[in-house]
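Grab a pencil and work through these exercises with the structure open beside you. Try each task before you read its solution.

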Amino acid sequence: MGKAVQNDTLAPPILQVDGLNIEYQGGPHAAVAARDVSFTIRRGEIFGLVGETGSGKSTILRSIIGLLHQKAKVVSGAIRVAGHEVTGLDQAGLSDLRREHVAMIFQDPLRALNPVMTIGAQLAEVMHAAGLRDRDAVQRLIVGALERVGVADAALRMRAYPHELSGGLRQRVAIAAAMIRSPELILADEPTTALDVTIQDQILTLLYDLCRDTGMSVLLVTHDLGVVAEICDRVGVLYAGRLVETGDVARVLTAPSHPYTAALLASMPRIGERQSRLRVIPGRPPELSVPGCPFAPRCAYALAECGTIRPVLEPAGADQASACWRRDQLRTCLAEEVSVG
Amino acid sequence: MGSGPILQLSGVSKSFRVGPRTIGRPRAQLRALDHIDLRVEAGKTLGIVGESGCGKSTLARIIVGLTRPDAGTVAYEGADLSRARRRPLAAALGLQMVFQDPYSALNPRMRIGDAILEPLLVHQIVPRAEAPGERDRLLDVVGLSPSLASRYPHELSGGQRQRVNIARALSVRPRLIVADEAASSLDVSVQGQILNLFSDLRDQLGLTLIFVSHDLNVVDHLCDRVAVMYLGRIIEEGRPSILREGALHHYTHGLASAIPQPIPGRRRAQPAISGELPSPTNPPSGCHFRTRCPARQPLCAEASPPLNPAAPDHRVACHFPRVSTPEAVGRNHAADDLTVSPSS
């Protein structure tokens with residue numbers, strides 16, 4: 001896991017998110033989607049952003065490339081991609097950003113591709129936008145791009161329309177399109193959620209290999225801690241719009257420092273660990289902002305002060321940070337909670 | 001409980017016509033189910049797993065009578081239901097289904113209390129005067145407060161809605177419930193609550209459960225037996241240990257290894273199964289899995305392997321099955337037996 005990054009913690013950052021606040025406006029109350037979110041992705045790193053429905057993970061990802069819903073506004077905070085500030089960019093600035101630095105992969109590749117263009121024509125469009133005009137060169141590059149993402153018979157397949165391809169092949173084409181400009185950062189929003197598990201496995205392997213070969217970084221948004229364990233180097237756990245834990249994947253999954261991470265891990269059924277009952281998290285996430293820790297009402301370890309004073313993300317050991325007052329006291333019991341058997 | 005099969009399927013096949021209607025050319029034939037033989041013992045939980053297009057949902061619909069098979073028999077408590085134009089009421093009520101999307105399974109303009117009352121009154125399960133009490137009892141059984149009875153479906157969360165659907169299924173006192181991806185659209189923490197509810201109901205009411213899912217983690221957790229499907233056929237059937245080291249079919253083994261687990265350091269250099277699912281309208285000859293199988297031989301293209309017993313309680317359809325070490329099997333069977341089930 002993460003060999004390329006672990007030995008080189010000094011790799012420069014490609015993405016810095018600092019104190020990000022996003023609200024959905026227009027309703028009777030402003031709904032909070034992200035609160036004081038800060039994290040950094042270094043070059044060559046695969047960073048997983050996990051959370052349940054409504055935790056704000058997709059909103060945060062979309063804010064990085066200027067694709068927020070009309071009603072959603074970045075209220076405060078900074079987002080820097082390769083050193084350039086993204087918040088407040090106009091359309092021309094966003095186009096530059098998307099052309100030079102960042103590409104995106106969506107959950108549903110059928111909707112991300114144009115249904116009335118062959119996939120070859122769609123990939124050619126990207127090359128034309130880059131100023132490449134020579135037909136033969138474009139053709140060669142397209143075949144190369146498709147072969148690199150594991151599309152067999154690339155010269156034949158480039159004449160196909162998206163509906164003629166399977167879901168897995170479509171996602172490979174979408175990845176090829178994203179990779180053409182050699183972006184420094186790929187934003188992937190649940191890229192394998194719509195796929196069957198054997199195909200998900202293939203696509204995750206492909207993303208991992210591309211990342212290691214080219215040195216690009218990936219921000220992977222997912223609800224599945226299993227997917228995070230498969231390919232991510234570092235992870236951020238979101239709860240009700242706040243990062244409650246960040247850190248090295250191996251540490252967070254085996255020795256979580258926030259009760260929510262531990263509870264999430266313990267509530268996942270796993271092959272080979274049959275118990276008579278699954279652990280569950282009682283209640284559900286708060287819909288409005290609460291004064292203290294957002295997880296306190298559902299937390300098995302909450303004290304009175306947890307409901308009134310909000311903890312902030314602070315270091316909890318090497319390359320791990322937790323927004324929990326009791327992170328040091330709970331170390332052992334959280335590790336026991338997620339330990340196997 | 002545990003006395004004889006409550007449900008027995010023999011040679012069940014089903015085809016659909018798909019694709020554009022063109023004059024003078026027959027439409028493509030999609031073989032959704034190909035000679036399915038399956039027995040479900042009363043009080044046990046069967047998991048049916050497979051990827052999209054394997055026929056698992058068609059099988060679920062045939063079991064509860066929403067789809068009629070082209071061939072074969074579906075026997076519920078010994079009586080063949082597959083030929084009946086209308087199922088006898090006892091069978092129709094005895095077999096209930098819970099669907100994947102809890103919202104579209106409920107009438108959006110009906111209060112959830114009324115949605116549960118309706119089957120109670122229509123089928124005269126209890127005298128009219130006792131129906132509201134029975135409704136509150138059912139809400140309580142599925143872990144909902146009776147004070148929610150006046151709410152509409154849109155006022156509930158996804159997990160609460162699924163509990164309402166389970167209460168509706170339970171209202172007619174079924175003996176067998178088929179759950180088609182019933183927890184798949186829910187968040188992990190809520191999914192756990194619904195899975196626990198299913199295992200409580202099985203243990204308390206002695207229900208037989210058929211759990212259709214693409215999620216092997218869920219099936220391994222909940223089920224006594226597992227059937228693995230690929231392109232319309234059952235390719236392996238046995239104890240849940242077949243989802244671990246006990247797999248004899250190469251597809252079962254690959255599918256199980258492809259499931260992401262929240263355990264760091266499992267990264268493999270190669271995907272567990274390469275290639276794409278072949279077209280279901282034109283599946284490969286012989287063994288359907290041979291195009292993606294690491295152990296394929298010329299024979300696999302010529303003859304379709306029958307689903308034969310490989311061990312007691314274990315059937316597999318493969319000419320060249322994996323070798324499973326006796327120690328691994330023993331260890332896994334011990335793990336299977338750990339699940340406490342008061343009914344056994």
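**Exercise 1. Find how strand 11 of chain A is joined to strand 12 of chain A, then place both in their sheet.**

Step 1. Strand 11 and strand 12 (residues 320-322) of chain A run antiparallel and are joined by two bridges. Helices (H or I, at least four residues) and strands (E, at least two) are DSSP runs, numbered from the N terminus.

Step 2. Look at A:E314: its bridge partner in strand 12 of chain A is A:S322.

Step 3. Now zoom out to the open sheet of chain A, where eight strands follow the order 6-7-8-3-9-10-12-11 with mixed pairing. Strands count as paired if DSSP finds at least two bridges between them.

Step 4. The edges belong to strand 6 (102-105) and strand 11 (314-315) of chain A; each has a single partner strand, so one side of each is left without a neighbour in the sheet.

Before you go on, a word on what you're looking at: this is a predicted model, where local features need pLDDT of at least 70 and side-chain atom pairs count only at pLDDT 80 or more, while totals for chains, interfaces and linings use all residues. Residues are numbered from 1 along each chain as its sequence is written, and chains are lettered from A and ligands numbered from 1 in the order in which they are written.

**Exercise 2. Trace the partners of strand 10 of chain A, and say how many of its residues are buried.**

Step 1. Strand 9 (residues 234-239) of chain A pairs with strand 10 of chain A over six bridges, in the antiparallel sense. Here A:G236 sits opposite A:T246.

Step 2. Check the turn: this hairpin has two residues between the strands, and A:A240 takes a positive phi near 50°.

Step 3. Strand 10 of chain A is also joined to strand 12 of chain A, by three antiparallel bridges. A:T246 shows up again, with A:A321 as its bridge partner in strand 12 of chain A.

Step 4. Seven of the seven residues of strand 10 (residues 242-248) of chain A are buried, so the strand is largely enclosed by the rest of the structure. Buried means that 20 or more other C-beta atoms lie within 10 Å of the residue's own; 12 or fewer makes it exposed, in between is partly exposed, and C-beta atoms are placed from the backbone.

**Exercise 3. Decide whether A:I199 is buried or exposed, and find what it touches.**

Step 1. Locate A:I199 in helix 9 (residues 197-214) of chain A.

Step 2. Its count is 25 C-beta neighbours inside 10 Å, so A:I199 is buried.

Step 3. Leaving out residues up to four places away in sequence, A:I199 touches A:G167 and A:G168. Contact means C-beta atoms, placed from the backbone, within 7 Å.

Step 4. A:G167 is 32 residues from A:I199 along the chain, yet their C-alpha atoms are separated by 8.6 Å.

**Exercise 4. Describe the contact between chain A and chain B, starting with how many residues each gives.**

Step 1. Chain B supplies 42 residues and chain A supplies 39.

Step 2. On the chain B side, helix 6 (188-205), helix 7 (216-222) and helix 8 (250-258) each give two or more residues. Helix 6 of chain B has the largest share, seven residues.

Step 3. Sort that side of chain B by type: 20 nonpolar, 15 polar and seven charged. Ala, Val, Leu, Ile, Met, Phe, Trp, Tyr, Cys and Pro count as nonpolar, Asp, Glu, Lys and Arg as charged, and the others, Gly among them, as polar.

Conventions: Two residues are in contact if their C-beta atoms, placed from the backbone, lie within 7 Å.
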